[in-house]
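Me: I would like a close look at one part of this model, the open sheet. Please walk me through how it is put together, then move outward to the rest.

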Amino acid sequence: MGQMGFYFDQTACIGCKTCQVACRDKNALYNVGEIFRRVETVEVGTFPSVRYYGASISCNHCERPACVANCPSGAMYKDEDEGVVLHDDGMCIGCETCVSACPYGEPVYLEDEGIVRKCDSCVMLRKKGENPACVAACPMRALDFGDLEDLKQKYGTDLVSDFNGLPDSSQTTPSLLVKARDAALQGA
């Protein structure tokens, strides 16, 4: 198996945040600020030519994850079989170095637990043959998860990993394929 990652169809996303709620529920994230997938509305342009689009953002399970490279305890690691970035809660010392290192702002410090956690692509659900909670919940089917090469074959070759509102993909090589809206690509 190659590198696993997310596909996001920005042209289909309506910004409803159902994926965000499903992720919070599945991961029992009930405190304010604890969130592994967030949906943001990004505005581009200037009045009177303003445009906006939704961006559903989670861990991108990067090829070269900054969180893994900077974790002093080895709690953040890359799964060799699927290429996803996982976290060992038992090894985490709660230093938040991974939080600072990730250009996407994805690992989250859980104050009640004193450790950092993050999206694990719902690895336990996937082992049972199910989709990640965010993918299963999306009413517009704007999200998918799988082997990047399979996702490219399924969704086409016009997919990007860079758009306005995200850091430059050359930093970490995210495992993210996006069917972007035109507004999201202006100046990207």
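Reply: The open sheet has 3 strands, in the order β8-β1-β9, and its pairing is mixed. Bear in mind that this is a predicted model. The edges are β8 (143-147) and β9 (176-179), and each of them pairs on one side only. From one strand to the next, the twist averages 20°.

Take the β1 and β9 pair. Strand β1 covers residues 4-9 and runs parallel to β9, with 4 bridges joining them. One contact point to find on screen is Phe6, whose bridge partner in β9 is Leu176. A helix also packs on this sheet: α6, residues 148-155. Helix α6 touches β1, β8 and β9. Its direction makes about 130° with that of β8. As a general point, side chains in a regular strand alternate between the two faces of the sheet.

Now step back from β8 along the chain. The loop between α5 (133-137) and β8 holds Arg141. Its phi is near 55°, a positive value in a residue other than glycine. Most residues other than glycine have a negative phi. Arg141 has 53% relative accessibility, so it counts as exposed, the cut-off being over 50%.

Cys122 makes a useful comparison. Cys122 also has a positive phi, near 50°, and is not a glycine. This residue sits in the loop between β7 (115-117) and α4. Is Cys122 buried or exposed? Its relative accessible area is 8%, which is under the 20% limit, so Cys122 is buried.

Next, the hairpin of β2 and β3. Strand β2 spans residues 38-44 and runs antiparallel to β3, and 7 bridges join the two. Within this pairing, Val42 stands opposite Tyr53 of β3. How enclosed is β3, residues 51-57? The rest of the structure largely encloses strand β3, because 5 of its 7 residues are buried.

The turn of that hairpin deserves a pause. There are 6 residues between the strands, and Gly45 takes a positive phi near 95°. The loop between β2 and β3 also contains Pro48. The peptide bond leading from Phe47 into Pro48 is cis, with omega near 10°. Most peptide bonds are trans.

Then there is the largest pocket. About 240 Å³ of space lies in it. The lining counts 15 residues. Those nearest the centre are Leu86, His87, Lys118, Asp120 and Val123. Two elements give two or more residues to the lining: β5 (85-87) and α4 (123-127). What classes of residue make up the lining of the largest pocket? By class there are 7 charged, 6 nonpolar and 2 polar residues.

Last, one residue in a helix. Ala69 belongs to α2, which covers residues 66-70. At 65% relative accessibility, Ala69 is over the 50% cut-off and therefore counts as exposed. For a sense of distance, compare Ala69 with Ala142. The two are 73 residues apart in sequence, and their C-alpha atoms are 31 Å apart in space.

To return to your sheet, keep three things in view. The strand order is β8-β1-β9. The β1 and β9 strands run parallel. Helix α6 packs on the sheet and touches β1, β8 and β9.

Terms used. Residues are numbered from 1 along each chain as its sequence is written. This is a predicted model: local features need pLDDT of at least 70, side-chain atom pairs count only at pLDDT 80 or more; totals for chains, interfaces and linings use all residues. Side-chain values use heavy atoms; hydrogens and water are left out. On a 1 Å grid over the protein atoms alone, a cavity is a set of points where a 1.4 Å probe fits but cannot get out, and a pocket is an open set with protein on both sides within 12 Å along at least five of seven lines; lining residues have an atom within 4 Å of a point. Grid points are joined across faces, edges and corners, and a volume is the space filled by probe spheres set on the points. Ala, Val, Leu, Ile, Met, Phe, Trp, Tyr, Cys and Pro count as nonpolar, Asp, Glu, Lys and Arg as charged, and the others, Gly among them, as polar. Buried means under 20% relative accessible area, exposed over 50%, partly exposed in between (1.4 Å probe, protein chains only). Two strands pair if DSSP finds at least two bridges between them. Axes are lines fitted to C-alpha atoms, for helices over the stretch in contact, and angles run from 0 to 180 degrees between N-to-C directions. Contact means heavy atoms within 4.5 Å.
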